[in-house]
Amino acid sequence: MSAKAVREADAKSLLNRFVQHQFLKKLNKHIFDPRYTNELTATFNIESILIRTIINGKDSKDWEKLPETYPWLLTDCLVIKPDQLIKRRGKLGLVKVNTNWQGVREWVLANQGREVKIGRSVGKLHTFVVERYIPHTPDEELYLCIHATRNGNEVLFSNKGGVDVGDIDSHAHKIQVDIREDPSVTQICQLTSTTLPEYRELLINFIRVLYEAYKELHFTYLEINPLVLCRSSLFILDIAAKIDSTAEFLCKQHWGELEYPPPFGRDAYPEEAYIAELDAKSGASLKLTVLNSKGRIWTMVAGGGASVVYSDTICELGYAEELANYGEYSGAPSESQTFEYAKTILSLMTREHHHKGKILIIGGGIANFTNVAATFRGIVKAMSEYKHKLKEVNASVFVRRGGPNYQEGLRVMQELGGTLEVPIHVFGPETHMTAIVGYALGITPMLEPSYELTRTNSLLGMSRNSSGGSMKEFLNNHTDGGGGEDEFSAKRVRIEFGSDESNGTEYTKMDSPIRPLFSKRTQSIVWGMQPRAVQDMLDYDHMCSRNTPSVASMVYPFTNNHKQKFYWGHKEILIPCYKELDTAMKKHPEADTLVNFASLRSAFDSTMETLEYPQIRCIAIIAEGIPENKTKLLIKQAQEKEVVIIGPATVGGIKAGCFKIGNTGGMLDNILASKLYRPGSVAYVSRSGGMSNELNNILARNTNGVYEGVAIGGDRYPGSSFLEHLLRYQDTPEVQMLVMLGEVGGMEEYRVCEAVRTGRINKPLIAWCIGTCADMFTSDVQFGHAGSSANSVEESAASKNSGLREAGARVPKSFDSLISVIKEVYDELVTTGRILPQPEVEPPQVPMDYSWAQELGLIRKPSSFMSSICDERGDELMYAGTPITDIFSQDIGIGGVLGLLWFQRRLPQYACKFIEMCLIVTADHGPAVSGAHNTIITARAGKDLISSLVSGLLTIGDRFGGALDGAAKQFSAAYDGGLSPMDFVNTTRKEHKLIMGIGHKVKSLNNPDMRVEIMKTFVFKNFPSTSLLSYALEVEKITTSKKPNLILNVDGCIATAFVDLLRHCGAFTLEEAAELIDAGVLNGLFVMGRSTGLIGHYLDQKRLKQGLYRHPWDDISYLTPEDANFYKEDS
């Protein structure tokens, strides 16, 4: 989910449109003054007092047109104000009231482009809204607000509204509304208890209707201040609104085209819109916000959490004003997508010079499933394109990345430094994630990377320091893996949620012990066709010496029941895949976990269905972008069913040595490097999936490793909370140390504070909330995660870190110092004997998949066959190296496409046109010819299109259609052999051969074939040489002197002209031209053209409803055997 602010005018228009169409019938009386119904019969009217326009103050035509559309602009008193997400406009003197149309015009002209400072933000006024003025007194101004909470929504109402509303929490009445319900009349009566009795019914109806619109339109915040109650009518004067943009697929018909303007003080850049468009079209995540286009420090960071961490570090080091942008790319974008993303950032970065030079930080955590080399290829391509501009701005580049195929990606990046002539410093996962920021800014001395820039070694050959023990012995001796019998007989303990009436935040009853979530016996069902993720889970199972696979089955509604083949170590196994979830549940009652890879559109329904099965204890929802209201319904249902939800918008979680969800932990090399194949003593919870893998790396390098880790997801209301998982870790004896990585936005971290303060959590907790940079920006920034945005001071990262520190958690000074705090706490636990480090053991070897080994360049094999005309593997289809977009944008046409696919050449325009003419003139020659005849008969026999077409094509040969190839070879041989036209005719006659391409049954000199005439005219006008065609026409003169129908027919004309094209267009050598003729290219031209006509004959017969064909007997000569022998003897 992603709550985005909308303009006041859009919010009012949206409410009006929806209310007019959906809710008017529910009301029995007028709510608004009839004077403002704008000739509408509606009883609930907002837009009648609203007009939204972005006025160009210098264009008088705009001012003249508006009153024509809205006549009341010239008759009513008006209000004009900016509509740019500015708070407290009245106090700032940015509202002009009780004026006329001329006054509005003068006010806009005076303020258009005016620079205004509001707090730390400075911006220019450019967007205004004009409305009818509603005369009223201050005591007629009310306050009404609806905003989202975890379990539903909170409604606030006060009789005191307007510019002097003050601290609304101190005097507003509040009610909490469950997500599955609407506010009751009793609740609303309680809310409006201090309102005059004669207006209560009016107000109650209004709030009920407004709440329903709020829910149906997926608002997350809707504040009306003031709501004016005067003359027995209600008027909405000012609205501040946010909408859940992820609900677009549900609400598009109601929303229309909504604009999400940037916060005041930050201009909207076309580059931001371009990246937003790319993001909308991609399954990956691409984000860009320009903070300071003249800034020195630019970032290109992979991962929603990592992008915030890098921004935090830059700001904490004192360079907030020089940070140029915030952005992130994640979710395995393709090479072309990262190319476009990188190119966009580089275009912004290289526009302005800086006396100290520009810095580009290409950072990221350790990827779970993104192929680092593939994304880096796109970045390298973009940087190569901007080579000269990067040199001009004196750029230096710092790179840090880890994850699948990261060695190859870093190697390619380092090689680029030599050719780019720009300093590029490259680091891998052995370097702390944000260390490159200090290197780039010259604050800390740069250390040389310790990794090897070589392709990944085969996992079969990897070895580790070992004590000689087996993995199975290690796991049995040092952990029960959560898999003891006690766990399975343990009583379920429900984690109950409620609501604190004073502030609307949720609490957890924390006094009961909580059972482990996963074990070595955990069985899961995977929803969705995700063979790579399933194989990763099975490889992890094998590495952890599990006896049985953790994936019991898969569910995929778009296929029938079948079995999928996977590897279990070296052995192949079959895992069932079912069409129905119900079948999977009944067949596998031992499965207690669902890993849901459904899309954002179907994840809600599939999860709700899963919650109906009592056997399920945990559901991981991977999808990002589930609407907030849907997520809250899931949370409510899961609480009642006592099911733990991980996600949405998560990579999942991992219990070391036991079970992992989907792609969690990355590839096997990272599993090994992070020691996730056996349990450690540290458990963590994070919002970010990418940062969870970074924590795996940090903990493996500075402690004895991870016991369990969960990424709860980046949405504002994840299915489970930090506290739920921390309490589980607290109640797990094997866990001695806790780590929490929180974020800006939301209030969940304060529940952890309370648990630490009260002693419910007494194990050492290292906690850090990312997003501290938000306080240093001059305008609001929506970070990569939907929930990473503070709606109050309490939701800021700095406030949370302070609260955690005061409660007793170990909070570092910054993310940079997180490592040192973790190591310090771990060393203390080792010193006191609470943690006893164990010797490492070597995990079972897991073979590398062939496809991944090939991707890494570790193996090679000969291809089964080769193809050089088309490549569909990339993001864009390529014909002979030409992108499909170029084919359309350059209007190459079918002739040009044929040139690419048949000849691997971009042919001249006249050649493409000639090919198209050939296809046209060979398309058909009536129903009587053998090919069409066969097609018609087959079609009338009831056969399908393909069968009918093929039956016609099979007649093509020397006697039908094949004359093109024969004519080309015959005329070419004669011409190249130096035979004169007369000698050629005489030679063929002596050899009793026909001249291919000469002669016609109907056409003659006196009745010429217009197809041939058209072709000849074009060829002589456009071809650089027509030597063979001219030679053929000389032959025609000789043959027609004997018979007028021995003309150069269309086959001969096309054949000889095509040879001239191949030999003289400049695209082929004589040898290549001859090879193409020998290969039968001209017959191919006839087949391609005639297929058009044969398909036409098939469709014609179907259209005419022609029945089975039977040849008439009177058109057949029936011979007896004696007659046949007579003819044979006579011959």
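This text goes through an annotated histidine, the nonpolar cores and one open sheet of a predicted model.

The unreviewed UniProt entry lists H785 under "active site". In the model, H785 sits in the loop that runs between β32 (765-770) and α25 (797-807). H785 has a relative accessible area of 13%, and it counts as buried because the cut-off for that class is under 20%. Leaving aside residues up to four places away in sequence, the contacts of H785 are G304, G305, R687, S688, G714 and E743.

The nonpolar residues come next. In soluble globular proteins, nonpolar side chains tend to be buried together. Here the largest nonpolar core has 110 residues. Within this core, the residues that touch the most other members are L726, M740, V752, L765, L804 and F815. V752 can serve as an example: again without residues up to four places away in sequence, V752 touches F722, L723, L726, M740, L765 and L804. Another core, of 59 residues, lies apart from the largest one, and its members include C912, V985, L1061 and L1094.

The last element is an open sheet of seven strands with mixed pairing. Reading across the sheet, the strand order is β22-β23-β21-β20-β24-β25-β26. β22 (562-568) and β26 (644-646) are the edge strands, each pairing on one side only. From one strand to the next, the twist averages 25°. At the β22 edge, the partner strand is β23 (residues 571-578); the two run antiparallel and are joined by seven bridges. One pair of bridge partners is K565 with L574, the latter in β23.

Notes:
Residues are numbered from 1 along each chain as its sequence is written. This is a predicted model: local features need pLDDT of at least 70, side-chain atom pairs count only at pLDDT 80 or more; totals for chains, interfaces and linings use all residues. Side-chain values use heavy atoms; hydrogens and water are left out. UniProt positions are given in the numbering used here, feature names are shortened, and annotations may be inferred rather than shown by experiment. Helices (H or I, at least four residues) and strands (E, at least two) are DSSP runs, numbered from the N terminus. Buried means under 20% relative accessible area, exposed over 50%, partly exposed in between (1.4 Å probe, protein chains only). Contact means heavy atoms within 4.5 Å. A nonpolar core is a set of buried Ala, Val, Leu, Ile, Met, Phe, Trp, Tyr and Cys residues joined through side-chain atoms within 4.5 Å. Two strands pair if DSSP finds at least two bridges between them. Axes are lines fitted to C-alpha atoms, for helices over the stretch in contact, and angles run from 0 to 180 degrees between N-to-C directions.
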